[in-house]
Amino acid sequence: MEPIHACESLDEVRANIDRIDAQLVDLIAERGAYVTQAAQFKKSADGVKAPARVNAVIAKVRGLAETSHADPDLVEAVWRTMIEHFTKAEMKDFKRR
Ligand SMILES: C=C(O[C@@H]1C=C(C(=O)O)C=C[C@H]1O)C(=O)O
């Protein structure tokens, strides 16, 4: 994590939030592009859902959140929303094959 800069105005706070939001959106798009590629390596609908992998990812990001002093419950909720969305798209790709 970048060192946190003590801001001197609300504009400066919001400029930092906007900068971080742009990075997050970019990273979500990059993650989604890799998830899209996963369908081609899967052999079944259960494989697309991969619940054991989902549990491993959630455990990993909760641990990362604790290290970074982020709220693990918030991080888990964000990741579950992302994974559910991406897995639906992956399932569509899988069924189209
Ligand atoms: C990308 C995969 O497929 C799905 C998406 C996942 C994710 O977004 O992390 C994890 C498991 C699957 O639900 C995978 O199996 O790794």
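H69 sits in the loop between α3 and α4. The model is predicted. Phi of H69 is near 60 degrees, a positive value although H69 is not a glycine. Most residues other than glycine have a negative phi. H69 is exposed, with 7 other C-beta atoms within 10 Å.

A50 also calls for a look at its backbone. Phi of A50 is positive, at about 45 degrees, and A50 is not a glycine either. A50 lies in the loop between α2 (45-49) and α3. Is A50 buried, exposed or partly exposed? A50 is partly exposed, because 16 other C-beta atoms lie within 10 Å, and the partly exposed class falls between 12 or fewer for exposed and 20 or more for buried.

The two residues with positive phi:

| Residue | Phi | Loop | Other C-beta atoms within 10 Å |
|---|---|---|---|
| A50 | about 45 degrees | between α2 and α3 | 16 |
| H69 | near 60 degrees | between α3 and α4 | 7 |

Now the ligand. A50 is one of the residues around the ligand. The others are V35, A38, K49, R53, V54, V57, I83, F86, T87 and E90. Three elements each give two or more residues to this shell: α1 (10-38), α3 (51-68) and α4 (72-96). Which element gives the most to the shell? That is α4, with four residues.

What classes of residue make up the shell? Seven are nonpolar, one is polar and three are charged. T87 is the polar residue. The charged residues are K49, R53 and E90.

Definitions and conventions:
Residues are numbered from 1 along each chain as its sequence is written. This is a predicted model: local features need pLDDT of at least 70, side-chain atom pairs count only at pLDDT 80 or more; totals for chains, interfaces and linings use all residues. A residue is near a molecule or strand if its C-beta atom, placed from the backbone, lies within 6 Å of it.
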